[in-house]
Amino acid sequence: MPAMLDTHSTDDDALLLARFAAGDQGAARILTDQLLPRVLRQAWRLLGDEAEAEDVAQDAMLRLWRQAGDWRAGEARVSTWLYRVTYNLCIDRIRKRRPTVPIEDVAEPTDPAPSALERLANSAESRALARAILALPERQRRALVLRHFEGMSNPAIGERLDCSVEAVESLLARARRQLAMDMSKEREVFGND
Amino acid sequence: MTDKAPFDLDAALAALAIDERAARPAVSESLQARVLGDAAAAVATAAAPSRTPAPSAVRSGGFRLFGLFDAWTGAAVVAVALCLAIGLGVGYRAGPEVLAQAGLGDVKVAVVAEEGDGLFLSEGML
């Protein structure tokens, strides 16, 4: 499993944002170091293109800077807010991009996150697993990606997806059950070859 | 015939995660510089004095009339009141013959008889 990436306190983010709003550029640097890699990865998974992911990451961070002065601590966590902003920016880009892409090349209309995953998989089994992840319902897929690729804890995933820990556990259990079924079928097909 | 090992989902997910991590883009220096540049610009914009004056309850150049109206509404109220006062005053002094010369005297005579000159004349003006 990847190392836990959400180890720093999210309250620290709000404090840093308040310091930034007061003119502390050092706080901006710390926030950038902590948040930008995650934002970039999220955008990259959704868009599958590094240059576009960079543009989205910059845009999302710019919105954070502009929001800093009006940030109301305690209403939302900075990382959760940024995750949603990034997600929405990516979906906007995918929608804009779609008319120029042949319809048969559009893998997933709502959230093409694992298409990038599928491309980078190194083995047939990994590619099959990536396709199975792609076929999962959206919330199951997002929970699974956050758990297994971002290494987030269930409570942190719950905050991101705005649901309880129990709901996250349920999403993950259903996702895993579906993946196990899909991969068993896949192996039967391979076995018959 | 060979038995296949049972599918290990955790191992497969871990292998895929390894592939994913190997392919992850790193934050480039140029991206970091752009983001920090945006941050500096955002702070500078927030710190700069605003070009637009703070909104005021009283519009510019204004005063409050009895604490009720702002400048332009107050000026309009004063102007209407002055016009009424001047009209009443002039009409009162001119007398009914002025209106009679204008062909309105007969119409207002009944009003004069009932309510007095001042009111008659003011009605004539209005």
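**Entry 1. Terms and model**

For helix pairs I take axes as lines fitted to C-alpha atoms over the stretch in contact, with angles running from 0 to 180 degrees between N-to-C directions. I note at the start that this is a predicted model.

**Entry 2. Helices H7 and H8 of chain A**

I looked up how helix H7 (residues 138-148) of chain A sits against helix H8 (residues 154-161) of chain A, and found an angle of about 135° with the axes 10 Å apart. Because of that angle, H7(A) counts as oblique to H8(A). I recorded the crossing of H7(A) and H8(A) as right-handed. From H7(A), the contact uses A:Arg139, A:Arg142, A:Ala143, A:Leu146 and A:Arg147. From H8(A), the contact uses A:Ile157, A:Arg160 and A:Leu161. Sorted by class, this contact of H7(A) with H8(A) has 4 nonpolar residues, 4 charged residues and no polar ones.

**Entry 3. Chain A as a whole**

I then went through chain A and found 9 helices and 0 strands. Along the sequence the pattern reads α-α-α-α-α-α-α-α-α. Chain A has 193 residues, and 38% of them count as buried. I also looked at contacts in chain A between residues at least 6 apart in sequence: 61% of these join residues at least 24 apart.

**Entry 4. Chain B as a whole**

For chain B I listed 6 helices and 0 strands. From the N terminus on, its elements run α-α-α-α-α-α. Buried residues make up 13% of the 126 residues in chain B. Among chain B contacts between residues at least 6 apart in sequence, 34% join residues at least 24 apart.

**Entry 5. Where the chains touch**

How many residues does each chain bring to the contact? I found 40 residues from chain A and 28 residues from chain B. On the side of chain A that touches chain B, the elements giving two or more residues are helix H2 (25-47), helix H3 (50-67), helix H5 (113-120), helix H6 (124-134) and helix H9 (165-192) of chain A. By class, that side of chain A has 22 nonpolar, 10 polar and 8 charged residues.

**Entry 6. H2 of chain A against H2 of chain B**

I took the two H2 helices next. The axes of H2(A) and helix H2 (residues 29-47) of chain B come within 10 Å and cross at roughly 140°. That crossing angle makes H2(A) oblique to H2(B). I recorded the crossing of H2(A) and H2(B) as right-handed. On the H2(A) side, A:Gln25, A:Ala28, A:Arg29, A:Thr32 and A:Leu36 take part. On the H2(B) side, they meet B:Gln32, B:Val35, B:Leu36, B:Ala39, B:Ala40 and B:Val43. The class tally for the contact of H2(A) with H2(B) is 7 nonpolar, 3 polar and 1 charged.

**Entry 7. H6 of chain A against H1 of chain B**

I looked at a further helix pair between the chains. H6(A) and helix H1 (residues 9-23) of chain B pack at an angle of about 95°, with their axes 10 Å apart. Is the pair parallel or perpendicular? The angle makes H6(A) roughly perpendicular to H1(B). A:Glu125, A:Ser126, A:Leu129 and A:Ala130 of H6(A) make the contact with B:Ala12, B:Ala15, B:Leu16 and B:Asp19 of H1(B). I sorted the residues of this contact of H6(A) with H1(B) into 5 nonpolar, 1 polar and 2 charged.

**Entry 8. Nonpolar cores**

I looked up the largest nonpolar core and found 33 residues in it. Those with the most contacts inside this core are A:Phe20, A:Val39, A:Ala43, A:Val56, A:Ala57, A:Ala60 and A:Met61. The elements that give two or more residues to this core are helix H1 (10-21), H2, H3 and helix H4 (78-97) of chain A, together with H2 of chain B. Which helix gives the most to this core? H2(A) does, with 11 residues.

I picked out A:Val39 and listed what it touches, leaving out residues up to four places away in sequence: A:Ala57, A:Ala60, A:Met61, A:Leu82 and A:Thr86. Apart from the largest core lies another core, of 22 residues, among them A:Ala130, A:Ala143, A:Leu146 and A:Phe149. I had already met A:Ala143 and A:Leu146 in the contact of H7(A) with H8(A), and A:Ala130 in the contact of H6(A) with H1(B).

**Entry 9. A:Leu64**

My last look-up was A:Leu64, which lies in helix H3 of chain A. Is A:Leu64 buried or exposed? I count it as buried because 27 other C-beta atoms lie within 10 Å, and the cut-off for buried is 20 or more. A:Leu64 and A:Trp81 are 17 residues apart along the chain, and their C-alpha atoms are separated by 8.7 Å.

Technical notes:
Residues are numbered from 1 along each chain as its sequence is written. Chains are lettered from A and ligands numbered from 1 in the order in which they are written. This is a predicted model: local features need pLDDT of at least 70, side-chain atom pairs count only at pLDDT 80 or more; totals for chains, interfaces and linings use all residues. Two residues are in contact if their C-beta atoms, placed from the backbone, lie within 7 Å. Helices (H or I, at least four residues) and strands (E, at least two) are DSSP runs, numbered from the N terminus. Ala, Val, Leu, Ile, Met, Phe, Trp, Tyr, Cys and Pro count as nonpolar, Asp, Glu, Lys and Arg as charged, and the others, Gly among them, as polar. Angles under 35 degrees count as roughly parallel, over 145 as roughly antiparallel, 65 to 115 as roughly perpendicular and the rest as oblique. A crossing is left-handed if the near helix is turned anticlockwise from the far one by less than a right angle, and right-handed if clockwise. A residue is buried if 20 or more other C-beta atoms lie within 10 Å of its own, exposed if 12 or fewer, and partly exposed in between; C-beta atoms are placed from the backbone. A nonpolar core is a set of buried Ala, Val, Leu, Ile, Met, Phe, Trp, Tyr and Cys residues joined through C-beta atoms within 7 Å.
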